[in-house]
Amino acid sequence: QEPQASGLPEYIKIVEVGPRDGLQNEKVIVPTDVKIELINQLSKTGLPAIEVTSFVSSKWVPQMADHKEVMRGIERHPGVQYPVLTPNLQGFHSAIAAGATEVSVFGAASESFSKMNINCSIEESIERFEEVTKSARSMNIPVRGYVSCALGCPYEGNIVPDKVAEVSKRLYSMGCYEISLGDTIGVGTPGSMKKMLEAVMKEIPLSALAVHCHDTYGQALANILTAMQMGVSVVDSSVAGLGGCPYAKGATGNVATEDVIYMLNGLGINTGVNLCAVMEAGNFICTALNKKTNSKVAQASFSTGTIN
Amino acid sequence: QVSSAAAAGGPYPKRVKVVEVGPRDGLQNEKNLVPTPVKINLINMLSETGLQVIEATSFVSPKWVPQMADHTEVLQGIRKCPGISYPVLTPNLRGFQAAVAAGAKEVSIFGAASELFTQKNINCSIEESLERFEEVMRAAKEASIPVRGYVSCVLGCPYEGKISAAKVAEVSKKMYSMGCYEISLGDTIGVGTPGSMREMLAAVMKEVPVGALAVHCHDTYGQALANILVALQMGVSVVDASVAGLGGCPYAQGASGNVATEDLVYMLNGLGIHTGVDLQKLMDTGTFICNALNRKTNSKVSQASCRL
């Protein structure tokens with residue numbers, strides 16, 4: 001396969017969000033040592049970035065209450081980044097004290113979502129993040145910016161691509177090295193993905209963009225393919241497709257890392273990630289969570305005993 | 001026509017014909033059998049959704065396919081709406097004659113791009129199967145009955161593994177030359193990815209006009225919609241799918257099979273491609289048959305839309 005011949009990137013960086021975005025949205029809470037073991041297993045798969053935890057008040061996100069212990073307990077493999085979420089300056093300081101060397105901030109392209117999720121307007125949230133990025137810059141800590149609701153909002157419905165571009169630009173200008181565009185409720189399709197990316201690409205260099213697709217409507221891989229065809233080369237995903245959708249009960253959420261890698265392998269695109277190793281980590285965490293995997297590749301491979 | 005260099009998401013066909021295979025391919029591969037009246041009601045409900053082609057049943061010996069034993073009753077019992085085609089499978093001349101006697105106005109024949117698969121599936125070589133089909137084609141031509149040709153294992157075989165694109169092109173060409181009006185290219189075990197889909201279609205399109213091609217993607221490895229997207233980008237405008245994603249994979253126990261019609265239509269709607277299908281009515285039909293089968297839907301769109 002020759003990805004370049006088909007206009008696709010030669011290399012895709014996969015950002016693994018299972019331990020944070022995944023576990024945060026699972027019904028069952030796993031003990032700290034299970035989280036640490038999951039991350040340690042993921043560290044051995046070749047994944048270049050693994051989102052570890054979230055320095056948010058345990059009052060709001062009980063699943064991430066053990067953020068300090070997890071951060072301090074994991075093995076840190078050379079060449080692997082371990083970003084953590086920091087919603088504000090207080091969380092940032094706490095994260096640094098616990099040994100974090102990269103952080104993420106979460107904005108949204110929807111006012112209603114911003115208010116419902118973090119109880120403030122987009123503008124107010126940007127101000128909070130500016131405090132974080134200022135502090136981070138002084139300590140040489142890279143900051144990744146997320147924009148939620150990039151393709152639709154559970155409250156507002158349709159989201160205008162220019163709004164996504166505007167919020168992305170604010171985050172990029174304040175110093176975020178990468179902007180991850182999130183289809184938070186998975187309603188996007190290749191059509192809306194293309195339109196949104198066209199608007200954002202006017203404001204932000206392609207190499208600073210990532211897509212974070214949810215598979216709630218089964219569209220994730222088609223959306224990711226579209227993004228790659230437009231030159232995006234960073235993709236977020238979650239081992240075993242951990243993390244349901246808090247806005248559609250019983251529905252799925254994150255796209256499964258295994259399924260993304262299967263597609264990229266088939267396209268001849270390099271990721272550096274060992275699919276078998278990811279499936280093993282997926283098997284481990286699903287056993288711990290007492291749930292079936294959301295990865296179709298894992299399901300099929302488990303049944304046939306082989307990986308095609 | 002679309003050149004394969006149109007990598008950045010389009011242009012896409014303005015209209016796509018969706019071929020609904022749930023009542024045949026779907027039900028044939030479900031564990032639970034449904035009674036004849038349920039099958040008839042399923043097809044009648046599908047007839048109300050705007051679908052133009054609904055594969056109704058299979059005129060195969062009930063010894064081999066017990067799920068389709070009631071083929072005559074089903075074909076005679078359904079409401080045949082004007083403008084909708086109800087093709088049935090006919091593996092040989094005897095099946096063809098039985099189908100016509102029962103009122104069939106269109107039939108399908110199933111070839112394969114793999115020798116081993118043909119041996120295991122219908123107990124003869126590819127060459128011998130084509131000879132059988134010639135008999136059907138002759139009789140069909142006399143009776144003015146259109147014939148659709150399927151080619152299985154186009155992106156991989158459960159026995160042979162890799163399948164060469166040239167072999168797929170060769171079998172497709174033979175079936176098209178003998179008079180099939182359309183060739184449906186089936187990724188029988190769902191192992192294909194956008195890369196192998198592109199390569200296979202490029203080879204087939206040298207021998208068969210793109211207007212006579214369809215894709216029949218299985219979602220066993222979660223790749224179906226991404227594969228369909230690439231096929232659309234290359235000019236294919238006929239896509240097979242199964243309501244509620246009915247039909248598991250007989251080669252990977254517990255794994256999924258057919259791509260769900262609801263998820264396909266959702267993607268096509270998002271791309272602004274006309275299908276004529278009412279998604280809500282389709283979802284209602286999926287709910288009906290899943291209740292009858294006592295199983296959960298395989299359609300993510302259905303799962304997400306069900307806010308219980």
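**Three spots in a predicted model**

Glu111(A) counts as partly exposed, because its relative accessibility is 31%. Keep in mind that this is a predicted model. Where does Glu111(A) lie? In helix H5 of chain A, residues 111-118.

Glu111(A) also belongs to a negative surface patch. The other members are Glu124(A), Glu127(A), Glu130(A), Glu131(A) and Glu156(A). Which helix gives the most to the negative patch? Helix H6 of chain A, residues 122-138, with four residues.

Now to chain B. Start with Thr90(B). This residue sits in a loop, after strand S4 (88-89) and before helix H4 (93-101). Buried or exposed? Thr90(B) has a relative accessible area of 1%, so it is buried; the cut-off for buried is under 20%. What does Thr90(B) touch, leaving out residues up to four places away in sequence? The list is Phe59(B), Gly95(B), Phe96(B), Ala99(B), Val107(B), Ser108(B), Ile109(B) and Val136(B).

Last stop, Ala244(B). Again a loop, here between strand S9 (238-241) and helix H10 (261-270) of chain B. Ala244(B) counts as buried because its relative accessibility is 0%. Set aside its neighbours within four places in sequence, and Ala244(B) is in contact with Ala260(B), Glu262(B) and Gly286(B). Its contacts also include Cys290(B), Arg295(B), Thr297(B), Asn298(B) and Ser299(B).

One distance to finish. Take Ala244(B) and Gly179(B), 65 residues apart along the chain. Their C-alpha atoms are separated by 32 Å.

Terms used:
Residues numbered from 1 in each chain as written. Chains lettered and ligands numbered in written order. Predicted model: local features only at pLDDT ≥ 70, side-chain atom pairs only at ≥ 80, totals over all residues. Heavy atoms only, no water. Helix = DSSP H or I, 4+ residues; strand = E, 2+ residues; numbered from the N terminus. Buried < 20%, exposed > 50% of the residue type's maximum accessible area, 1.4 Å probe, protein only. Contact = heavy atoms within 4.5 Å. Patch = residues over 30% accessible without salt bridge, like charges linked within 9 Å, V, L, I, M, F, W, Y side chains within 5 Å. Areas by Shrake-Rupley, 256 points an atom, 1.4 Å probe, with all protein chains shown as cover. Salt bridge = Lys/Arg side-chain N within 4 Å of Asp/Glu carboxyl O. Lys, Arg positive; Asp, Glu negative; His and termini not counted. Charge placed at Lys NZ, Arg CZ, Asp CG, Glu CD.
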